[in-house]
Amino acid sequence: MDAIIQRTDDKAFAESIIRQNMTAYYQQLDMHWDPVLFDKDWRELDSYALVINACQVGLLCINHDENAYYIRELQIDPQWQRQGLGEAAIRHVMDIAQRAGIHRVRLRVFCINPALALYERMGFRICKTQGNTHYMERRIL
């Protein structure tokens, strides 16, 4: 299934899908949603909607520095998970990074998140683990 990946400024959708997907992890890890941090981060990220049949089914938020592109959010509506959308979003980021001449993509993922298997399958490796979070990186040749 091919999703259209397009820029978005739909902050309400972004907050909704992040909270929908992450609430169980936050509860399990005794963390709390910080709306002030979300507002600050939202302004600093390049955000993309994953769209199928004119419906937003996913969110990809990235930023970068001179060393790497960073996947800050990759959220897929549970109904659409395990259908290749996460992989398509990661490939999109790798293409952007490669065109920019940057050869690393980095991300953070909770250690208990099953998306870890996707990231490893896509060639990401754990660089360090701090608290409940893995810091992962993939080189792009």
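**Two exposed loop residues and the largest pocket**

Ala-54 is exposed, since its relative accessible area is 75%, and exposed here requires a value over 50%. In this predicted model, Ala-54 sits in the loop that runs between β2 (46-52) and β3 (55-64). Its backbone also deserves attention, for the phi of Ala-54 is near 65°, a positive value in a residue other than glycine. Most residues other than glycine have a negative phi.

A second position can be read in a similar way. Arg-82 is placed in the loop between β4 and α3, and its phi is near 65°, again positive in a residue that is not glycine. With a relative accessible area of 75%, Arg-82 is exposed.

From these loops the reader may turn to the empty space in the model. Rolling a probe the size of a water molecule over the atoms shows where such space is left. The largest pocket has a volume of about 1,300 Å³, and its lining is made up of 43 residues, among which Met-22, Glu-73, Leu-74, Gln-75 and Asn-113 lie nearest the centre.

Which elements each supply at least two residues of this lining? They are the helices α1 (11-28), α2 (35-44), α3 (85-99) and α4 (115-121), together with the strands β4 (69-76) and β5 (104-110). The largest share, six residues, comes from β4. Sorted by class, the lining of the largest pocket holds 25 nonpolar residues, alongside 10 polar and eight charged ones.

Technical notes. Residues numbered from 1 in each chain as written. Predicted model: local features only at pLDDT ≥ 70, side-chain atom pairs only at ≥ 80, totals over all residues. Heavy atoms only, no water. 1 Å grid on protein atoms, 1.4 Å probe; cavity = no way out; pocket = protein on both sides within 12 Å on 5 of 7 lines; lining within 4 Å. Points joined across faces, edges and corners; volume = space filled by probe spheres on them. Helix = DSSP H or I, 4+ residues; strand = E, 2+ residues; numbered from the N terminus. Nonpolar A, V, L, I, M, F, W, Y, C, P; charged D, E, K, R; others polar. Buried < 20%, exposed > 50% of the residue type's maximum accessible area, 1.4 Å probe, protein only.
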